[in-house]
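Student: I am new to this structure and would love a close look at one part of it. Could you walk me through that part and then show me what surrounds it?

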Amino acid sequence: MSGRFAERAPRWLAPALGAALLLGLPAPAMAQSEAPPASVAEEAVVIPFAPPLGTPVTYALRFERKRPSGDSVIEFEQRLTFERLGSGYLMRLETLSFASGGRRFELADKRVLDAVPPALRIYLLPMAVELDSSGEMVRMRDWEAMRAGLRSMPEAAAALSGAPLDEAALAAMQRLLDPIINASAEEGPALMIRGWPALLGYGGGEFVLGEPVEVDTEVTGGLLPGAVPATMQGVVTRTAEGHLRLIQTARFDPQAMRAATLAMIGMMRTAGAGSGRAAAGEETIESLQITDEVEIAFDPLTGLPVNARTARVTSVVTSAGSAVGGEVLTLRRITP
């Protein structure tokens, strides 16, 4: 299977069940035991990646961010256009509109884009990214120009406010931007493009319909203090409409999760002591749960998503209450 089982926590298996999975982590190794040969009744399928060249494809994306202070939702309409680039592709991504708080903004109106704070504007401008033959993002185009825009962002944001420069605020923004500014063009897609890195890159993935596949990997990020071993489980089925549906989930090692929980307790106590909030550091963490799920329905001809849902949500229960954080993305193809 091809690259996306091991990426979010990893991606997925690469061509011929031998490659690896996806998500930005090193490709994990498959389990030692091999699946038995498919019987005549079993149907082997390959997820394609053959996007239409020069024909725009439009999608609606909904990002739901979960925070202890309350959930927030922002929606985008985006257009993808593909062209050939050697053995791979060049994908141009254009944001057409966004909606938040019950208001919709059309970016075709230049006044709308001009009114967007500089800290957000760069993420709404057209982007171009190089893909390999499986559809996996490998490099941002025009990366130096984007980095230059990011470098000027703190001063631009301060100038927009019309208030005197707040050196502390500028320094805080700079700390957030530095990891992106110092990244390479190959690291750029994961830092600048939301949602799509986890939805592309499955081309060439080989499956037997209905037969589960497991891959050992590690998950990082979010509230986790370090890497946590996990098993990615995936299965491909065919929908009534003829789409190929991939469902993958992560199952976390219980002992590793307990160790991660204890490490979080230590981090909280250290933070509480350092800020004078000792009581907060004495809270008992009773459980830590992570939901890491991907569900994608692929067009059987192009391999592009028809609809999809991804969720990376962390739930923490303490003696003082519970908190949920993370993001849920839902995607729907509009045209063609």
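Between which two strands does the loop with Thr 302 lie?

Tutor: Happy to help! First, a word on the source: this is a predicted model, where local features need pLDDT of at least 70 and side-chain atom pairs count only at pLDDT 80 or more, while totals for chains, interfaces and linings use all residues. Residues are numbered from 1 along each chain as its sequence is written, and side-chain values use heavy atoms, with hydrogens and water left out.

Now to your loop. Thr 302 lies between strand E13 (285-298) and strand E14 (305-318); helices (H or I, at least four residues) and strands (E, at least two) are DSSP runs, numbered from the N terminus. With a relative accessible area of 17%, Thr 302 is buried. Buried means under 20% relative accessible area, exposed over 50%, and partly exposed in between (1.4 Å probe, protein chains only).

What does Thr 302 touch? Setting aside neighbours within four places in sequence, Thr 302 is in contact with Pro 48, Phe 49, Ala 50, Pro 51 and Pro 52, where contact means heavy atoms within 4.5 Å.

Let us follow one of those partners, Phe 49. Phe 49 and Phe 82 are both buried. The chain has six aromatic pairs, counting rings of Phe, Tyr and Trp (its six-membered ring) whose centres lie within 6.5 Å; planes under 30 degrees apart are stacked, over 60 edge-to-face and the rest tilted. The ring centres of Phe 49 and Phe 82 are 6.2 Å apart and their planes stand at 80°, so this pair is edge-to-face. Because Phe 49 sits in the loop between strand E2 (44-46) and strand E3 (57-66), and Phe 82 in strand E4 (residues 72-85), the pair ties together parts that are 33 residues apart in sequence. Ring pairs also bring in Tyr 89, making a cluster of Phe 49, Phe 82 and Tyr 89.

Phe 82 leads us on to Met 91, whose contacts beyond four places in sequence include Phe 82, Leu 80, Met 127 and Leu 200. Met 91 and Trp 196 have the most contacts inside the largest nonpolar core, which has 52 residues. Such a core is a set of buried Ala, Val, Leu, Ile, Met, Phe, Trp, Tyr and Cys residues joined through side-chain atoms within 4.5 Å. Apart from it lies another core of 12 residues, among them Val 219, Ala 230, Leu 288 and Ile 290.

For another threonine, look at Thr 231 in strand E11 (residues 228-238). Thr 231 counts as buried, at 11% relative accessibility. Its side chain makes a polar contact with the side chain of Asp 216 (3.3 Å); a polar contact is a pair of N or O atoms within 3.5 Å, and within protein one must be able to donate a hydrogen and the other to accept it, with residues adjacent in sequence counting only if both atoms are side-chain atoms.

For contrast, Ser 322 lies in strand E15 (residues 321-335) and counts as exposed, at 61% relative accessibility. Not counting residues up to four places away in sequence, Ser 322 touches Val 316 and Val 317.

Stepping back, the chain holds eight helices and 15 strands. Of its 336 residues, 41% count as buried. Among contacts between residues at least 6 apart in sequence, 58% join residues at least 24 apart.
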